[in-house]
Amino acid sequence: MPVSKKGYIILPGLFFFLLIFLLMFLTGPALQAEEITIFYHGEDVTEKLSPQEDEGNIIVQARGLADLLDLELDWQEALETITLENSDDTLRLMIGSSYYQVNSRTESSQVPAQLIDETGYVPLEEVVRGFGYLTDEEEGEYYIFQPETRIHEAYWSAEEQQLVLDMDDITPYRLNPTDDPNTIEVEVDKATLSDDFIDNISDRNFTLRVRESANEARLRFIISSQNPIPYRRDGGIEERAGNLVINFLPMLVNISWDSDDFLEIEANAEMERPEIFLFDNPRRMVIDIPDLMLSEVDLELEDNDYVKDVRLSQFKDDPVVLRVVLELKEDSYLGIAEDVEPNKLVFRPTEENIVRDLDYKPGEISFVTSTDITPELFTLGDPPRLVINMLNTSRDNDMASSLEIDDDRIKEIRTSRFDSQTVRLGAELQESSGYNWQSEEREDGSFLHTVQLENRIRDIAVSQQDQMLGLRIQLSGDAEYEVRRFSHPHRIAVDISGMDLENGLDDFELPEPTGIIEEIRAGIITTGGERKFRIVFELNDYHSHQVLTDEPSSEILINLATREIQEFEDIVVLDPGHGGFDPGAVGPNGLTEAEVALDISHRAAALLQESGFDVIMTRSDDSFVSLSERAEIANRAGAEIFVSVHSNAAARPAVGGLETYYGRGRESDSYYLARTMQNSMVNKLELTDRGVKTDRFTVIRETEMPAVLLEIGFLSNLEEERLLRSSSFREKAAESIAEGIQKYRDSILEGED
Ligand code: ZN
């Protein structure tokens, strides 16, 4: 609320208080209801309204109420009528009459409007409700509030496993922690139930209770169940299409042996692929199903030749895993069937299996089996290994017994006979890693299995940049990701796909929250049927954010603006490298770096000036300017950004591409500019991305503002020299510089939501 408005309320409030005080003093004790306190949107307005009690009903000064609710007040002496109105509604109250008019309707009030010491008083309840406010009274405290949203319905969406609160607008909300796992509590502020609110949640599974807390127009939805309610803190509650949804995990509903010789496990919604293990002594199959909740199911299986007994447990709570253990009969093997309904897992008897065609491509091991096997997959540490046990299996004669690899993920893969009925495939890893296993049936009836090693988080860092806060997430490999923004409380969530969900959170520490960051959390969520890593940055303030990286990438960079109104002078210094007697690098056909840098800089300056930037060039012709002088020009001008334009050269003619340098040790003020510029060039120029680097070049060391040095292509590379000679490429390079600068500036001033 702006300060001026607050002042407005306080001054008349004081005035009225003095007036009432004087009136009381002059006329003796009135019916002043001292024990009544009136709150308007949580603010005590008792003095302003000067409430009196009349047979248990509150009347208040008409003038004070009109002022509070921003109403026009009119007193018609002849009719002894008080008229209160705003653009929507009109109320007329006659002194001494318990009938009053709301627009064209006549209503009756508990207590009439009246004159006390020549001051008009009106019944509080009737008037505030007449103008669409809600009221509540609790132990002498009277609350007036106007909800910002109405909740029309609470219902259960079986298809999406969601509880939905259908509401007009999203207002602040939260999931309150409860001690009882069978109960969840959703709190929504500034909300009221609509008159025709429908509870479509309460059924045989759930019971809904709604508690209203009038003080802040706060609603609490308390949902209880016979069973633990499976929701998560992050991703547990979300805004969707203007409604609040609470996402649930699926639940087991049935497990049975079908007379057609298969075992079926059924859930009330789509299930994740399980992890399956086979063990001897006693022979048993362990099926771990992620994100599935236990419920009461009948465990009596129909008599069969394969499974003796079945046991169930909620093996893990966070993340949730349901474990099914099948006690197998002698010599019986079960394999998981593909192509069944997504809410079912089907296991069929299987036969002796042959494994062949062991293969590897970066991060991915593959092999072929003759039957649809359910291998036992696990990892071992020290040295880190991935092990695949295939029961009832033998090796094909042609299959390689080992593969030497030695890339950055895997050293070697070997196969061996583990015991009389098991082939073991072991991959020696460079470092421990999770994996994803996939298999598909091929046309010849065999099955192709692939094991993909999973990505991990290497580091999460928060740094205060020049005019913003930078978030940087580094991964061990490229990943798809999505950056989402939520409010109430403000937060930025980064959902990363294809991550090692088991161990991916082990090896790094979350950084300390700083600046507008209140808290940093990491966890696993299920969204769109996929389990992802979610990193949440909870903010105590939000202005804008911008994602600087394009997916897939192994680095995710996000800028957070830290202030509402930011200073950005729009002064940019462009520094064309070299010049005068210093040509810089010279290409095989004689093109000089000094000439290329000057032309690209001129073109970029023109584009930036068109967008309203004040551009200063350290040299505008082929003259020599010393390095310190260049930095000094920028410092004197009080520039916001310094961009030095160069092209590179290397001894090997094949080397080419784009690089951006920032000053060593200047992560805190130049790194994000460097990333932005490098991304902009890479997107536009289609040359090799050689990355962002750091060095001690004078111009990026002595400058006092965020400063970078661009190396646009290699003049020593014949093809890139040709490009650098063409005006179309120079224009594109200039555009990429201007766009990068523009993007950096926007991320400070206002990003995209
Ligand atoms: Zn240079």
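In this predicted model, strand 22 splits its side chains between two directions: Asn-243, Val-245 and Asn-247 point one way, while Leu-244 and Ile-246 point the other. Whichever way they face, these residues are buried. The strand, made up of residues 243-247, is thus mostly covered, with five of its five residues buried.

Strand 22 has partners to match. Strand 15, residues 162-167, runs antiparallel to strand 22 and is joined to it by four bridges. Within that pairing, Leu-163 stands opposite Ile-246. Strand 21, residues 237-240, is also antiparallel to strand 22, again with four bridges. Here Glu-239 has Leu-244 as its bridge partner. Strands 21 and 22 make a hairpin with two residues between them. One turn residue, Ala-241, has a positive phi of about 50 degrees.

Now for the open sheets. One is built from four strands in the order 16-17-20-19, paired antiparallel. Its edges are strand 16 (173-176) and strand 19 (206-213); each has a single partner strand, so one side of each is left without a neighbour in the sheet. From one strand to the next, the twist averages 20 degrees. Inside this sheet, strand 17 (residues 183-188) and strand 20 (residues 218-225) run antiparallel and are joined by six bridges. Ile-184 is one of the residues involved, and its bridge partner in strand 20 is Ile-223.

Another open sheet of four strands follows the order 23-24-30-29, with antiparallel pairing. Strand 23 (252-258) and strand 29 (334-336) take the edge positions, and because each has a single partner strand, one side of each lacks a neighbour in the sheet. Neighbouring strands here are turned against each other by 20 degrees on average, direction ignored. Strand 23 pairs with strand 24 (residues 262-267) in the antiparallel sense over six bridges. In that pairing, Leu-252 has Ala-267 in strand 24 as its bridge partner.

The loop between strand 23 and strand 24 holds Asp-261. This residue has a positive phi of about 65 degrees, although it is not a glycine. Asp-261 has a relative accessible area of 32%, so it counts as partly exposed. Glu-55 is likewise a residue other than glycine with a positive phi, in this case near 50 degrees. Glu-55 sits in the loop between strand 3 (52-54) and strand 4 (57-61). With 77% relative accessibility, Glu-55 counts as exposed.

Then there is the metal. The zinc ion takes its protein donors from His-578 (NE2), Glu-593 (OE) and His-646 (ND1), which lie 2.0 to 2.2 Å from it. Along the sequence these donor residues follow the spacing H-x14-E-x52-H. His-578 and Glu-593 are 15 residues apart and link distant parts of the chain: His-578 is in the loop between strand 49 (571-576) and helix 5 (593-610), and Glu-593 is in helix 5. His-578 has 18% relative accessibility and therefore counts as buried. Glu-593, at 5%, counts as buried too.

Elsewhere, Gln-464 lies in strand 41, which covers residues 457-464. Its relative accessibility is 42%, so Gln-464 counts as partly exposed. Leaving aside residues up to four places away in sequence, Gln-464 touches Leu-469, Thr-562 and Ser-668. Thr-37, by contrast, is 427 residues from Gln-464 in sequence and 46 Å from it in space, C-alpha to C-alpha.

A word on confidence. The protein chain has a mean pLDDT of 83, and 91% of its residues reach 70 or more. Two stretches fall short of that. Over residues 1-14 pLDDT stays under 50, and the model has six contacts for them beyond four places in sequence. Residues 16-31 also stay under 50, with 17 contacts beyond four places in sequence. Where pLDDT is low, the predicted coordinates should not be read in detail.

Conventions: Residues are numbered from 1 along each chain as its sequence is written. This is a predicted model: local features need pLDDT of at least 70, side-chain atom pairs count only at pLDDT 80 or more; totals for chains, interfaces and linings use all residues. Side-chain values use heavy atoms; hydrogens and water are left out. Donors are N, O and S atoms within 2.8 Å of the metal (3.2 Å for Na, K and Ca); water is not among the atoms, so sites may look incomplete. Buried means under 20% relative accessible area, exposed over 50%, partly exposed in between (1.4 Å probe, protein chains only). Contact means heavy atoms within 4.5 Å. pLDDT is the predictor's confidence in each residue, from 0 to 100. Two strands pair if DSSP finds at least two bridges between them. Axes are lines fitted to C-alpha atoms, for helices over the stretch in contact, and angles run from 0 to 180 degrees between N-to-C directions.
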